[in-house]
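The report below goes through one sheet, the helices that pack on it and a few individual residues. Please keep the sequence and the structure in view while reading.

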Amino acid sequence: MVADLLVAVAAAGSAGVVYLAAAVRVVKQYERGVLFRLGRVSGDVRTPGLNLIIPFVDRLQKVNLQIVTLPVPAQEGITRDNVTVRVDAVVYFRVVDAESALVKVEDYKFAVSQMAQTSLRSIIGKSDLDDLLSDREKLNQGLELMIDSPAVGWGIQVDRVEIKDVSLPDTMKRSMARQAEADRERRARIINADAELQASKKLAEAAQQMAETPTALQLRLLQTVMAVAAEKNSTLVLPIPVELLHFLERGGRPSPPDRGQDRDRDRDRDQGQEQDRGPSPGHTDGGPQLPVTGTGSAPQVPVIDTGGPPQTPVTGTGSTPRVP
């Protein structure tokens with residue numbers, strides 16, 4: 001009798017241990033438990049620690065509340081300025097409502113991944129290449145907003161979205177390299193021009209200062225000679241003023257003739273030749289020139305007006321002139 005009682009107690013104890021083992025659930029600190037009783041959510045979300053459920057009736061499903069790092073596969077798209085790029089990103093999110101994450105979406109991780117891919121392709125199409133390369137912070141904020149809007153209803157909170165890499169075609173890389181090289185060359189030339197301008201201003205001020213004090217020019221010349229002689233070379237260069245070279249060049253050439261004297265000399269020679277030729281035929285001193293006509297070898301006799309009646313010119317037909 002006592003033995004049967006002991007067996008019954010042992011069996012009851014064993015059954016209690018088995019029941020207790022089946023009813024006890026341990027929820028970790030970074031987890032939350034959602035209790036489903038006969039398929040329905042029962043009670044509040046179970047907190048970390050030891051929790052008891054009814055075996056074969058209740059089912060406790062745990063949800064991880066840690067931040068999940070989800071890499072987004074590289075997406076290839078065309079930017080707004082018609083450049084083909086390949087962009088990949090990473091999403092950081094966590095569950096803030098365990099019940100909604102289990103009830104409202106089948107697989108919240110897969111859902112967030114697909115939403116991140118579609119949002120990334122949409123951002124690529126709306127952005128320029130320069131924005132993808134230089135203004136990533138703004139694009140990250142826009143991408144985070146696009147993913148977080150539907151994820152809020154799933155009990156998901158997106159903490160951060162980062163664009164990791166932007167892959168460009170090789171031809172575009174070479175074009176950008178040439179553009180960067182040209183820009184650096186332009187800046188180098190501008191800096192060199194500014195340096196030349198400042199140096200010219202300083203040289204002009206130095207020249208003006210030396211012009212006021214000629215002794216300073218001599219001292220500068222001596223300093224230049226000392227600087228050249230300090231190199232221990234066999235040739236000593238002495239600068240010569242340019243004005244001295246011009247003076248020597250003018251001294252070796254004859255002076256140019258005076259063009260005014262040449263013109264006076266030519267005018268005097270022309271006047272002398274006119275006086276040597278004398279008066280022309282038909283010319284009388286103090287009277288007008290008379291025309292002379294002839295029809296033969298004899299010379300024509302001019303008719304001179306003496307104040308009487310008009311004279312008729314006589315033409316000769318032979319060797320002796322006829323007088324009326």
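Helix H5 (residues 136–151) lies across E7 and E8 and runs at about 140 degrees to E8; axes here are lines fitted to C-alpha atoms, for helices over the stretch in contact, and angles run from 0 to 180 degrees between N-to-C directions. This is a predicted model, in which local features need pLDDT of at least 70 and side-chain atom pairs count only at pLDDT 80 or more, while totals for chains, interfaces and linings use all residues. Residues are numbered from 1 along each chain as its sequence is written, and side-chain values use heavy atoms, with hydrogens and water left out. Helices (H or I, at least four residues) and strands (E, at least two) are DSSP runs numbered from the N terminus.

The sheet beneath H5 includes E7 and E8, and its 3 strands form an open, antiparallel arrangement in the order E6-E7-E8, where two strands pair if DSSP finds at least two bridges between them. Strand E6 (68–78) and strand E8 (156–167) stand at the edges with a single partner strand each, so one side of each is left without a neighbour in the sheet. From one strand to the next the twist averages 25 degrees. E6 pairs with strand E7 (residues 84–95) in the antiparallel sense over 9 bridges, and Val68 stands opposite Phe93 in E7.

Helix H3 (residues 108–126) also packs on the sheet, where it touches E6, E7 and E8, and its direction makes about 35 degrees with that of E6. The 19 residues of H3 reach 27 Å from first C-alpha to last, close to the 27 Å expected at 1.5 Å a residue, the expected span being 1.5 Å times one less than the number of residues. Among the buried residues of H3 are Gln117, Leu120 and Ile124.

Gln75, in strand E6, is in contact (heavy atoms within 4.5 Å) with residues that include Val85, Val87, Gln117, Leu120 and Ile124, leaving aside its neighbours within four places in sequence. A polar atom of the Gln75 side chain lies 3.1 Å from the backbone oxygen of Pro73.

The table compares accessibilities, where buried means under 20% relative accessible area, exposed over 50% and partly exposed in between (1.4 Å probe, protein chains only).

| Residue | Relative accessibility | Class |
|---|---|---|
| Gln75 | 9% | buried |
| Phe56 | 85% | exposed |
| Asn82 | 67% | exposed |

Phe56, in the loop between strand E4 (49–52) and E5, has a positive phi of about 65 degrees although it is not a glycine. Asn82, in the loop between E6 and E7, has a positive phi of about 60 degrees and is likewise not a glycine.

Methods: A polar contact is a pair of N or O atoms within 3.5 Å; within protein, one must be able to donate a hydrogen and the other to accept it, and residues adjacent in sequence count only if both atoms are side-chain atoms.
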